Amino acid sequence: MPRISHGNIADALQAKLSQPDAEDAFFVADLGEVARQFYRWVRHLPRVQPFFAVKCNPDPLVIKLLHRLGAGFDCASKAEIQQVLGEGAQPSNIVYAHPCKPASHLRFAKANDVAMMTFDNADELYKLQQQYPGAKAILRILTDDSHSLCQLGLKFGAALDTTQRLLATAKQLGINVVGVSFHVGSGCQSEHAFSDAVMRARQVFDQAAALGFNLELLDIGGGFPGRGDASGLAFEDVARVLTAAIDKYFADMPSLRIIAEPGRYFVASAFTLAVNIVARRQVGVLNNTAPTGDENPAFMYYVNDGVYGSFNCIMFDHQHPVPRVLTANSQFINAPADAQLGMMFESSVWGPTCDSIDCIMPSGMLPELQIGDWLVFDGMGAYTNCAASRFNGFRLSDMVYVDTEGMLL
């Protein structure tokens, strides 16, 4: 198991920078923050078992910790199922939450007794009949995800005017439909999207009952905000609205099993990324020309991680990471975002590759920094390192672990 340190993120940042020849970009992951988010979930949604969305951040220590705490896992592939099984997760605590699955992955799920899985189309039902007739099928329905940054309904989810026909097909094929799932979209910005989705799910429960199905599972999906989420949406507000909706629409089903698929909620605030300034250019304000001398200069800073690496969240997850100053003139300051650091200059921050699309911050205000200084980005735990590449031959950022709750120490 990787080394886990005592102390907090600031301690780990300073310790890493004090090492000889420190230059490579690196994450600091606080496993204690993941644990605190789990306890927060249990406090506000005690009836809902979280199934962590592995795709969001498959870090092995995050998986180990969440398994130890009692979470289940939302897996989207054979490899993700293999990973969580390897940590000791029980098949009954895994949902294969991909409505369109390769046949070989289905056979692997069957061989390992991972029975809960989603579908949203008739072709998937025929595939289940051929590959895994004993599966516990969950009908994923389409919801209003217009308030979300990533509208997953563009790709998945059965519209309500098709669900009765799909349930009838499942009945004809002998597929055991056990529940309904939905996903309001990644980065949801309205708590009321969840209550609307619960209402739609109840309609499908009633359709299924009329056809003789005995549904026992409601999967309320993901879209839950992480701590300090840029949307301003608070998890407590989502939990309050969800609890009221479940009480209203499923009051007659007190034994209903309810699960969810949170991803960024658990890990976004737990990971901090430090990058080193490897080069800079002094330019005219808001352009790439040489400064004229009668205006304040602007600076272009080049750092050693970018959109082809950990900052792929800019392209794929609609994020806008904002840097803080970690060191200035080689002095460790770890300044808060609103710190007054003397004279500020128009600045842009760029990744290390030769591609001009590799821009982290097109425009912002920073003090004058030097080559070798460091910037730090908070809230970098969701959809970052999991999709990073080695384009142009640049390495993936290192990982440093701390545990402020002592969960795995």
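Two strands are said to pair if DSSP finds at least two bridges between them. That definition underlies several points below about this predicted model, in which P50 of one strand stands opposite A260 in β12. The protein chain is assigned two domains, domain 1 (4-28 + 268-402) and domain 2 (31-266). The briefing takes up the domains, the nonpolar cores, the strands, two helices and two loop residues in turn.

**Domains**

- The centres of domain 1 and domain 2, taken over C-alpha atoms, are separated by 35 Å.
- Where the domains meet, 17 residues of domain 1 and 17 residues of domain 2 take part in the contact.

**Nonpolar cores**

- In soluble globular proteins, nonpolar side chains tend to be buried together.
- The largest nonpolar core in this model holds 107 residues, and the members touching the most others are L66, F224 and L375.
- Helix α8 (residues 192-210) supplies the largest share of this core, namely eight residues.
- Both domain 1 (4-28 + 268-402) and domain 2 (31-266) contribute residues to the core, so it lies between them.
- Which residues does L66 contact, leaving aside its neighbours within four places in sequence? They are V34, F38, F52, A71, F73 and F266.
- Another core, of 12 residues, lies apart from the largest one, and L17, A274, W374 and V400 are among its members.

**Strands β3, β4, β11 and β12**

- Strand β3 (residues 48-53) has five of its six residues buried, so the rest of the structure largely encloses this strand.
- On one side of the pairing list, β3 is joined to strand β12 (residues 257-260) by three bridges, and the two strands run parallel.
- Within that pairing, P50 stands opposite A260 in β12.
- Strand β3 also pairs with strand β4 (residues 72-75), again in the parallel sense and over three bridges.
- The bridge partner of F52 in β4 is F73, and both F52 and F73 are included in the contacts of L66.
- Strand β11 (residues 217-219) is joined to β12 by three bridges, and these strands run parallel.
- In the pairing of β11 with β12, L218 stands opposite I258.

**Helix α1**

- The buried residues of helix α1 (residues 9-17) are I9, A12, L13, K16 and L17.
- Seen down the axis of α1, these buried residues fall within an arc of 125°, so they line one face of the helix.
- An α-helix has 3.6 residues a turn, so residues three or four places apart point the same way.
- The cover over the buried residues of α1 includes the strands β2 (26-30), β13 (271-283), β16 (327-328), β17 (331-332), β20 (374-377) and β21 (398-402).
- L17, one of the buried residues of α1, is also a member of the core of 12 residues.
- Which residue caps the N-terminal end of α1? N8 does, with a side-chain oxygen 3.2 Å from the backbone nitrogen of A10.

**Helix α7**

- D161 is found in helix α7 (residues 160-173), and T169 lies in that helix too.
- Is D161 buried or exposed? D161 has 65% relative accessibility and therefore counts as exposed, the cut-off being over 50%.
- T169 has 14% relative accessibility and therefore counts as buried, the cut-off being under 20%.
- Not counting residues up to four places away in sequence, T169 touches L125 and Y126.
- D161 and Y96 stand 65 residues apart in sequence, and their C-alpha atoms are 25 Å apart in space.

**Two loop residues with positive phi**

- Most residues other than glycine have a negative phi, and most peptide bonds are trans.
- S330 is a residue other than glycine whose phi is positive, near 70°.
- S330 is placed in the loop between β16 and β17, and its 62% relative accessibility makes it count as exposed.
- N392 is not a glycine either, yet its phi is positive, at about 70°.
- N392 is found in the loop between β20 and β21, and it is partly exposed, with a relative accessible area of 39%.

How values were computed. Residues numbered from 1 in each chain as written. Predicted model: local features only at pLDDT ≥ 70, side-chain atom pairs only at ≥ 80, totals over all residues. Heavy atoms only, no water. Core = buried A, V, L, I, M, F, W, Y, C linked by side-chain atoms within 4.5 Å. Buried < 20%, exposed > 50% of the residue type's maximum accessible area, 1.4 Å probe, protein only. Helix = DSSP H or I, 4+ residues; strand = E, 2+ residues; numbered from the N terminus. Domains from an automatic or database assignment. Contact = heavy atoms within 4.5 Å. Arc of directions from axis to C-beta. Polar contact = N/O pair within 3.5 Å; in protein donor to acceptor, adjacent residues only side chain to side chain.
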